[in-house]
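Work through the following exercises with the sequence and the model side by side. Try each task yourself before you read its solution.

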Amino acid sequence: MSVKIVETSMRDGHQSLMATRMTTKDILSIIPELDQAGFHALEVWGGATFDACLRFLDEDPWERLREIKKLAPNTKLQMLFRGQNILGYRHYPDDIVDKFVQKSIENGIDIIRIFDALNDVRNLKSAVDATKKYGGHCQIALSYTTSPVHTIDYYVKLAQEVEAMGADSLCIKDMAGILLPTDAYNLIKALKQNTKLPINLHGHATAGIMEATYMKAIEAGVDIIDTALSPLSGGTSQVATESFYHILKATPYDTHLDINLLKKAAEKLTVIKDAYLKNGILNPKALTSNPNILEYQVPGGMLSNLMSQLKEQNQMDDYEKVLKEVPIVRKDLGYPPLVTPISQMVGTQAVMNVMTRDPYKIVSKEVREYLHGLYGKAPAKVNALVLAKIIGDDEIITHRPADDLPPEFEDLKKKYEGFAKSDEDILSIALFGKVAISFLEKKYQEKPKPKQEVYAFSVTVGDGD
Ligand code: CO
């Protein structure tokens with residue numbers, strides 16, 4: 001059985017190694033080779049790419065997607081979708097979720113990988129229904145973590161639930177890179193025995209164990225693995241695509257990728273990567289294995305965030321203390337998996353607990369909302385003392401959080417009539433408010449006068465701006 005490969009360098013690769021700062025121009029330069037190389041899919045959109053385009057790169061993420069699609073007629077395009085959080089950090093109303101899925105598919109996405117940080121399936125429902133409605137392939141991802149409640153039985157039960165919801169495939173999403181080889185074997189084996197869904201494993205190389213983990217998962221029957229082209233692989237990113245080509249070549253699991261095209265793409269990507277190393281966007285630290293995360297179970301992206309928060313406060317001496325505080329906060333909050341947006345909440349809380357030397361004296365709005373049930377159901381019981389200290393006897397909601405959110409799309413459309421030029425613009429505003437508005441102001445103000453337009457277009461085509 002040939003193992004299928006999802007190439008992630010153009011989404012997770014640069015998100016994990018260089019804060020998602022790769023430009024559309026750089027991305028487009030290697031898409032033609034990737035498109036011909038025989039991948040199951042190219043992960044190119046979603047996650048932090050959308051936010052980074054608007055906030056840091058002054059690029060339109062929708063235009064990026066359309067340009068990629070033009071250059072990739074042969075391979076499916078895949079995106080990462082945060083359930084009811086879409087590509088943002090809070091819950092959005094159902095009509096925004098529905099419209100976002102519709103427009104993602106219309107602009108070129110084939111496979112939507114949907115996850116919820118808490119694995120609360122109620123938070124997946126809208127996105128799953130919309131993906132099916134608009135004809136996309138719906139892959140549901142389960143956030144992988146370890147805790148007394150996150151057992152193999154827990155994942156099997158969830159997998160059966162998402163199969164019943166209508167998922168077309170299942171992904172085990174190990175964003176921290178903590179899935180050990182033997183655990184992977186047992187987990188994948190159990191999932192294969194208890195569901196019919198094709199299974200995709202998404203892991204990070206952070207701890208230096210992921211090649212071994214993938215191999216055991218392959219032996220257990222995993223159908224698809226996520227890898228990144230070598231220049232953007234390793235460290236906090238995925239394992240290298242070309243390495244798995246060689247590992248699996250001439251075995252029953254042969255990937256049948258075109259190695260010459262991969263080499264060509266990697267050569268180009270190396271030049272691009274070197275430029276990002278030189279200008280400091282890619283920190284070489286992110287490229288080194290860090291087995292310590294197996295102890296603290298902190299995802300790589302979160303580690304670098306914690307470091308920068310502490311540096312800003314001149315508190316780098318407290319780094320070890322904060323790392324030790326993270327598992328404590330996580331336990332207090334009922335063992336949520338550390339993935340966006342929960343990882344940011346838990347990390348910031350750990351920093352505050354250490355800095356104030358009085359745990360939960362200062363609590364972010366997000367943690368407060370989490371405890372009120374506004375992100376969904378915590379996987380395990382929340383520490384009662386912590387709960388009482390933070391929210392007293394406030395009511396905790398037990399229904400689906402988005403049930404309380406009224407529709408927004410039509411109101412936003414009216415409000416920004418004349419300014420927003422498309423439904424896509426409205427969606428950018430719905431997700432990122434001021435950030436999107438100031439991007440669109442620049443975009444439409446800077447639009448050259450008709451006379452210059454022809455010239456400007458001819459030299460910047462494909463530039464995404
Ligand atoms: Co990832």
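The exercises below deal with a metal site, a buried aspartate, the cysteines and the nonpolar core.

This is a predicted model, in which local features need pLDDT of at least 70 and side-chain atom pairs count only at pLDDT 80 or more, while totals for chains, interfaces and linings use all residues. Residues are numbered from 1 along each chain as its sequence is written, and side-chain values use heavy atoms, with hydrogens and water left out.

**Exercise 1.** Find the protein donors of the cobalt ion and describe their spacing along the chain.

*Solution.* Begin with the definition: donors are N, O and S atoms within 2.8 Å of the metal (3.2 Å for Na, K and Ca), and since water is not among the atoms, sites may look incomplete. The protein donors of the cobalt ion are D12 through OD, H202 through NE2 and H204 through NE2, at 2.0 to 2.1 Å from the ion. Written along the chain, their spacing is D-x189-H-x1-H. D12 in helix α1 (residues 9-18) and H202 in strand β7 (residues 199-203) are 190 residues apart, so that the pair links distant parts of the chain; here helices (H or I, at least four residues) and strands (E, at least two) are DSSP runs, numbered from the N terminus. As a last step, look at accessibility, where buried means under 20% relative accessible area, exposed over 50% and partly exposed in between (1.4 Å probe, protein chains only). D12 is buried at 4%, and H202 is buried at 0%.

**Exercise 2.** Locate D223 and identify the side chain that shares a polar contact with it.

*Solution.* D223 sits in the loop between α9 (210-219) and β8 (224-227). Its relative accessible area is 16%, and D223 therefore counts as buried. Its side chain makes a polar contact of 2.8 Å with that of K192, where a polar contact is a pair of N or O atoms within 3.5 Å, one able to donate a hydrogen and the other to accept it within protein, and residues adjacent in sequence count only if both atoms are side-chain atoms.

**Exercise 3.** Explain why C138 forms no bond with C171.

*Solution.* A disulfide is a pair of cysteine sulfur atoms within 2.5 Å. The closest cysteine sulfur to that of C138 belongs to C171, and because it is 12 Å away, it is too far for a bond. By this rule the model has zero disulfides.

**Exercise 4.** Which residues touch the most other members of the largest nonpolar core?

*Solution.* A nonpolar core is a set of buried Ala, Val, Leu, Ile, Met, Phe, Trp, Tyr and Cys residues joined through side-chain atoms within 4.5 Å. The largest one has 147 residues, and F81 and F100 touch the most other members. Helix α19 (residues 423-445) gives the most to this core, with 12 residues.
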